[in-house]
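Dear colleague,

I am passing on the structure we spoke about, with the sequence alongside. My notes on a few of its loop residues follow, and I would be glad if you read them with the model open.

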Amino acid sequence: MNNQLEWDIYFLKIAKEVSKHSKCLSRKIGAVLVKDKSIISTGYNGPAKGVKHCNDRKIEFFEALDNQGSMIRTGAENNVCPRRYMGYKSGQGLHLCQAGHAERNAIIQAAKNGIATKDATLYCYCGQVCKDCAIEIVNSGIKELVYLEGPEKRPINPYDNYSGIILKESGIIVRTVNEELI
């Protein structure tokens, strides 16, 4: 195993631990922002600071979504992601989700603390990032992105293939690590 892969595995394992703090009822994602082999920020998917998450929301909130109150009420009572309960697949119906993505939260946390993200590496305990996160990663000056791939050497659970095009055109160095190593 080469030295770079050892570091990638190390930081992805930390991102996996960070993901355990997520209260998301759909997916638990963690991200670690690193510069010079030192962690400068972490993030996990979740709502804005001080905002209740799905399993803490009052039923009335769910009833307001898409006029499907009774269906959502049952899902909320059973701690099921409201979007999933309404039939949306992972990455769909995000307009109904109050959670910010882990990648975005790691970048925001660095900014909040006055830490530059230029030339940093972002480790994501997930498959290929979504289009919006790809844009934010590029615009924040992050130099490298590392995320999980499945056994077939392909990104796992990509929200869309457009993020791959954005990352490729931007010149960001992208590495993937087989999820079985984490």
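Leaving aside residues up to four places away in sequence, Asn45 touches Ser22, Lys23, Cys24, Arg27, Lys28, Ile29, Gly100, His101, Ala102 and Asn105. Please bear in mind that the model is predicted, and that what I describe was computed from that model. Asn45 itself sits in the loop that joins strand E2 (38–44) to strand E3 (46–47), and its relative accessibility is 6%, which is under the 20% limit, so the residue counts as buried.

Two of the residues that Asn45 touches, Arg27 and Ile29, also take part in polar contacts with the Asn45 side chain. Towards Arg27, the side chain of Asn45 reaches the backbone oxygen at 2.7 Å, while at Ile29 the backbone nitrogen lies 2.9 Å from a polar atom of the Asn45 side chain. As for His101, which is also among the residues touched by Asn45, the two are 56 residues apart in sequence, yet their C-alpha atoms are 4.5 Å apart in space.

A second loop residue that I looked at is Thr117, which is found between helix H5 (102–112) and strand E5 (121–124). Is Thr117 buried or exposed? Its relative accessible area is 11%, and because buried means under 20%, Thr117 is buried. Again not counting residues up to four places away in sequence, Thr117 touches Leu33, Ala110, Ser140, Gly141 and Ile142. With Ser140 there is a polar contact as well, since a polar atom of the Thr117 side chain lies 2.5 Å from the backbone oxygen of Ser140.

The loop between H5 and E5 also holds Asp119, whose phi is positive, at about 70°, although the residue is not a glycine. Asp119 has a relative accessible area of 40%, which falls between the limits of 20% and 50%, and therefore Asp119 is partly exposed.

Finally, Asp36, in the loop between strand E1 (30–35) and E2, is a residue other than glycine with a positive phi, in this case near 55°. Its relative accessible area is 75%, and because exposed means over 50%, Asp36 is exposed.

With best regards

Notes
Residues numbered from 1 in each chain as written. Predicted model: local features only at pLDDT ≥ 70, side-chain atom pairs only at ≥ 80, totals over all residues. Heavy atoms only, no water. Helix = DSSP H or I, 4+ residues; strand = E, 2+ residues; numbered from the N terminus. Buried < 20%, exposed > 50% of the residue type's maximum accessible area, 1.4 Å probe, protein only. Contact = heavy atoms within 4.5 Å. Polar contact = N/O pair within 3.5 Å; in protein donor to acceptor, adjacent residues only side chain to side chain.
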